[in-house]
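Subject: Structure for your review

Dear colleague,

Please find below the structure that I am handing over to you. My findings follow it.

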Amino acid sequence: MTYVIAQPCVDVMDRACVEECPVDCIYEGGRSLYIHPDECVDCGACEPVCPVEAIFYEDDLPDEWYPYLTDNAEFFTAVLPGQQAPLDSPGGAAKIGATGSDTPFVAGLPPQTAD
């Protein structure tokens with residue numbers, strides 16, 4: 001099991017969750033943040049600090065955002081635009097910094113605006 005970042009984070013990327021994560025498993029794409037499913041220790045520290053309520057425990061993910069479960073994992077296993085290889089398990093987000101790349105699913109979303 002893991003935590004998942006869903007649609008409310010797209011184009012917001014507040015990063016409070018990144019600061020709170022004790023294992024540095026939240027990676028930055030171009031338009032969204034992604035939690036590495038193998039590096040996440042399921043501590044839940046990220047969830048309450050998210051100002052847009054975009055982070056869910058996998059079992060609590062609303063049906064409407066279920067595609068983000070697969071999408072989150074794909075960020076680490078697919079070769080994304082601008083990359084020569086998948087990220088796999090780089091051992092910490094701080095080590096690689098912002099990737100500037102998103103999955104095709106997130107990249108294809110219309111721009112999100114604040115309500």
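How many helices and how many strands are there in the chain? The chain holds four helices and four strands. Please bear in mind that this is a predicted model. Read from the N terminus, the elements follow the order β-α-β-β-β-α-α-α. The radius of gyration is 13 Å, close to the 13 Å that the globule rule gives for 115 residues, so the chain is as compact as a globular protein of that length.

Overall form

Along the principal axes, the C-alpha atoms occupy a box of roughly 35 × 30 × 20 Å. Of the 115 residues in the chain, 44% are buried. The exposed area of the chain is about 6,000 Å², and carbon and sulfur atoms supply 51% of that area. Among contacts with a separation of 6 or more, 67% are between residues 24 or more positions apart.

The cores and helix α2

The largest nonpolar core comprises 18 residues. Those with the most contacts inside this core are Ala-6, Leu-61, Trp-65, Tyr-68, Phe-75 and Phe-76. Helix α2 (residues 67-77) contributes the largest share of the core, namely four residues. A second, separate core has 16 residues, and Cys-17, Cys-25, Cys-40 and Cys-46 are included in it.

Within α2, the buried residues are Tyr-68, Leu-69, Asp-71, Asn-72, Phe-75 and Phe-76. The cover over these buried residues includes the strands β1 (3-5), β2 (26-28) and β3 (33-35), together with α4. Phe-75 deserves a separate entry. Not counting residues up to four places away in sequence, Phe-75 touches Tyr-27, Glu-28, Gly-29, Tyr-34, Leu-80, Leu-87, Thr-99, Ser-101 and Thr-103.

Thr-103

Thr-103, one of the residues that Phe-75 touches, is placed in the loop between α3 (93-96) and α4. Is Thr-103 buried or exposed? With a relative accessible area of 0%, Thr-103 is buried. The side chain of Thr-103 makes a polar contact with the side chain of Asp-71, at 2.4 Å. Asp-71 is itself one of the buried residues of α2. When neighbours within four places in sequence are left aside, Thr-103 is in contact with Tyr-34, Asp-71, Glu-74, Phe-75 and Leu-80.

The cysteines

How many disulfides does the structure hold? The number is zero. Two cysteines illustrate this result. Why does Cys-9 form no bond with the closest cysteine sulfur, in Cys-17? The two sulfur atoms are 6.3 Å apart, which is too far for a bond. Cys-9 is buried, because its relative accessibility is 6%. For Cys-21, the closest cysteine sulfur is that of Cys-25, and the separation of 3.7 Å is again too far for a bond. The cut-off applied to the two sulfur atoms of a disulfide is 2.5 Å. Cys-21 also counts as buried, at 15% relative accessibility.

Backbone angles

Most residues other than glycine have a negative phi. Two residues that are not glycine should therefore be inspected: Met-13, with a positive phi of about 45°, and Asp-24, with a positive phi of about 55°. Met-13 is found in the loop between β1 and α1 (16-20), whereas Asp-24 is found in the loop between α1 and β2. Met-13 is buried, with a relative accessible area of 17%. Asp-24 counts as partly exposed, at 25% relative accessibility.

Pro-110

The last residue of this report is Pro-110, in the segment after α4 (104-107). Pro-110 is exposed, with a relative accessible area of 53%. Which residues are in contact with Pro-110, leaving aside its neighbours within four places in sequence? They are Asp-11 and Arg-31. Pro-110 and Val-10 are 100 residues apart along the chain, and their C-alpha atoms are separated by 9.7 Å.

With kind regards

Technical notes:
Residues are numbered from 1 along each chain as its sequence is written. This is a predicted model: local features need pLDDT of at least 70, side-chain atom pairs count only at pLDDT 80 or more; totals for chains, interfaces and linings use all residues. Side-chain values use heavy atoms; hydrogens and water are left out. Helices (H or I, at least four residues) and strands (E, at least two) are DSSP runs, numbered from the N terminus. Buried means under 20% relative accessible area, exposed over 50%, partly exposed in between (1.4 Å probe, protein chains only). Contact means heavy atoms within 4.5 Å. A nonpolar core is a set of buried Ala, Val, Leu, Ile, Met, Phe, Trp, Tyr and Cys residues joined through side-chain atoms within 4.5 Å. The radius of gyration is taken over C-alpha atoms; the globule rule is 2.2 Å times the number of residues to the power 0.38. Accessible areas come from the Shrake-Rupley method with a 1.4 Å probe; for residues, only the protein chains shown count as cover. A polar contact is a pair of N or O atoms within 3.5 Å; within protein, one must be able to donate a hydrogen and the other to accept it, and residues adjacent in sequence count only if both atoms are side-chain atoms.
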